[in-house]
Number of protein chains: 2
Amino acid sequence: MATAKATAAEKRRIILDAAVRVFARQGFHTCRVSDIADEAGVAYGLVYHYFRSKDEVLSTLFVERWSVMTALIEEVDQRPIPAREKLGAVASFIVDSYQHDPELMKVIIVEVTRAANSFGQTHLDEISGAYARIATIVEHGQRDGEFRPDVSPGFAAMAFYGAIEQVLTSWIFDLLPFGPAEAEEAKTMVVDTICGGLDPR
Amino acid sequence: MATAKATAAEKRRIILDAAVRVFARQGFHTCRVSDIADEAGVAYGLVYHYFRSKDEVLSTLFVERWSVMTALIEEVDQRPIPAREKLGAVASFIVDSYQHDPELMKVIIVEVTRAANSFGQTHLDEISGAYARIATIVEHGQRDGEFRPDVSPGFAAMAFYGAIEQVLTSWIFDLLPFGPAEAEEAKTMVVDTICGGLDPR
DNA sequence: CCGGCGATTGACTCGTCAGTCAACGCCGGG
DNA sequence: CCCGGCGTTGACTGACGAGTCAATCGCCGG
């Protein structure tokens with residue numbers, strides 16, 4: 001029984017991992033459910049044994065990862081460090097995530113975050129929740145006199161997140177070269193750039 | 001004959017304008033070609049008299065607008081003004097475009113620019129061309145000693161464009177309030193923020 | 001060794017649209 | 001007044017793919 005349940009959870013995982021590869025390669029809308037099943041090496045119908053719909057597969061992948069990021073942002077804000085370093089930690093986490101699993105990040109960014117009209121619509125709350133937490137970091141930075149008080153935290157959060165996401169997107173679509181060196185450069189660049197504009201004069 | 005041709009061009013325009021409204025309201029993938037025809041008040045088949053496919057309708061809208069922006073960026077770079085003001089002019093143009101025709105900008109951003117996996121794929125060259133021109137502005141700023149020389153122009157361009165696009169996206173999906181005041185705030189904020197980080201110390 | 005139940009299979013159904021096409025009407029010229 | 005062609009119509013087709021379901025498999029407890 002325990003073995004069976006473990007196997008069941010593993011099968012589910014196998015399907016999810018296969019879905020990441022297929023979504024990354026072909027895109028969510030363009031791929032067929034049978035592509036996921038083939039990639040996972042299971043029968044078509046089994047996908048529907050573990051998930052209610054094709055949407056739910058993508059949904060699961062997104063929620064799994066996004067909740068980790070949201071939690072991290074919140075935790076980072078609690079640390080007793082300068083706001084600038086907090087943003088640095090968030091930027092590092094996102095860039096590291098891409099280094100660790102580019103395909104998963106591609107799927108989340110391209111199919112969910114940047115697709116707010118189609119699929120992302122259903123997760124707008126979670127997405128904007130993360131933005132709001134970044135805004136909170138900025139707000140705390142302003143409260144503590146580390147950032148200029150006259151910039152709207154909401155705008156700053158969007159600029160910060162947008163800058164990172166666009167850099168990842170440019171890697172995803174080979175518009176900029178990617179490697180460990182570029183990853184490190186990006187981390188410091190984004191933080192320097194955004195914080196440089198937020199620093200009090 | 002002249003009248004007839006004018007009418008033909010007008011009909012084409014009517015269909016394009018209707019398509020903007022439909023794409024903005026329902027999204028490109030979710031809407032039917034018959035929705036466009038209905039919105040335009042013409043028969044289904046007429047859409048195919050003026051356009052080869054549903055894709056070509058969106059393509060036309062995108063190219064019409066994007067080419068204007070690309071040309072503007074290039075022209076701005078020729079002006080004898082500080083690099084910071086050049087970026088300001090670009091930011092203003094984009095924000096003004098949104099103020100002037102939010103539906104069209106929504107379609108271009110949501111369905112093309114941010115959909116590089118599906119539709120945007122076919123226009124990657126045009127999209128990245130605009131990024132490259134922004135990078136050139138940064139490069140010239142560095143050459144003239146107005147910007148720090150140690151930031152990759154490609155990265156800076158992505159951060160700059162990404163910041164603006166994310167702000168527009170947040171307006172599009174009601175994550176941040178939008179109005180004339182916010183539009184002005186956004187222009188100066190984005191430029192201050194990005195340039196603040198690019199300014200030599 | 002047997003009965004039963006959850007896991008697994010994949011052929012099939014069913015709805016949805018993009019794109020086609022044959023027919024029609026309006027207008028201008030002969 | 002008739003003819004020809006372009007602009008226009010909308011019913012139809014063909015392809016495609018998500019989701020269903022009845023049948024089969026294989027493991028486990030009795």
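This is a short chat about a predicted model of two protein chains and two DNA strands.

Colleague: What should I know about the model and its numbering before I start?

Modeller: It is a predicted model: local features need pLDDT of at least 70, side-chain atom pairs count only at pLDDT 80 or more, and totals for chains, interfaces and linings use all residues. Residues are numbered from 1 along each chain as its sequence is written, and chains are lettered from A and ligands numbered from 1 in the order in which they are written.

Colleague: OK, DNA strand D. How many residues surround it?

Modeller: 20 residues do. "Near" needs a C-beta atom, placed from the backbone, within 6 Å of the strand. The closest are Val33(A), Gly45(A), Ser53(A), Ala43(B) and Gly45(B).

Colleague: Which element gives the largest share there?

Modeller: α3(B), with four residues. Helices are DSSP runs of H or I, at least four residues, and strands are runs of E, at least two, numbered from the N terminus. At least two residues each come from α1 (2–26), α2 (33–40) and α3 (44–50) of chain A, and from α1 (2–26) and α3 (44–50) of chain B.

Colleague: And by class?

Modeller: Eleven nonpolar, six polar and three charged. Ala, Val, Leu, Ile, Met, Phe, Trp, Tyr, Cys and Pro count as nonpolar, Asp, Glu, Lys and Arg as charged, and the others, Gly among them, as polar.

Colleague: Now DNA strand C. Which residues come nearest?

Modeller: Val42(A), Ala43(A), Gly45(A), Gly45(B) and Ser53(B), out of 15 around that strand. α3(A) gives the most, four residues. The classes are eight nonpolar, four polar and three charged.

Colleague: Switching to the protein interface. How many residues of chain A are in contact with chain B?

Modeller: 42 of chain A, with 42 of chain B. Contact means C-beta atoms, placed from the backbone, within 7 Å. On the chain A side, α7 (124–143), α8 (153–172) and α9 (180–198) give two or more residues each. The largest share is 13 residues, from α8(A). That side has 22 nonpolar, 15 polar and five charged residues.

Colleague: How are the two copies related?

Modeller: A turn of 180 degrees and a shift of 0.0 Å along the axis lay chain A on chain B, with an RMSD of 0.0 Å. The fit is least squares on C-alpha atoms of residues with pLDDT of at least 70 in both. The copies are thus related as by a two-fold rotation axis. The same surface serves both: 100% of the contact residues of chain A recur in chain B.

Colleague: Last one. How many residues of α6 in chain B are buried?

Modeller: Ten of twelve, in helix α6 (residues 102–113). Buried means 20 or more other C-beta atoms within 10 Å of the residue's own, all placed from the backbone. Lys106(B) and Glu111(B) are among them.

Notes. Contact = placed C-beta atoms within 7 Å.
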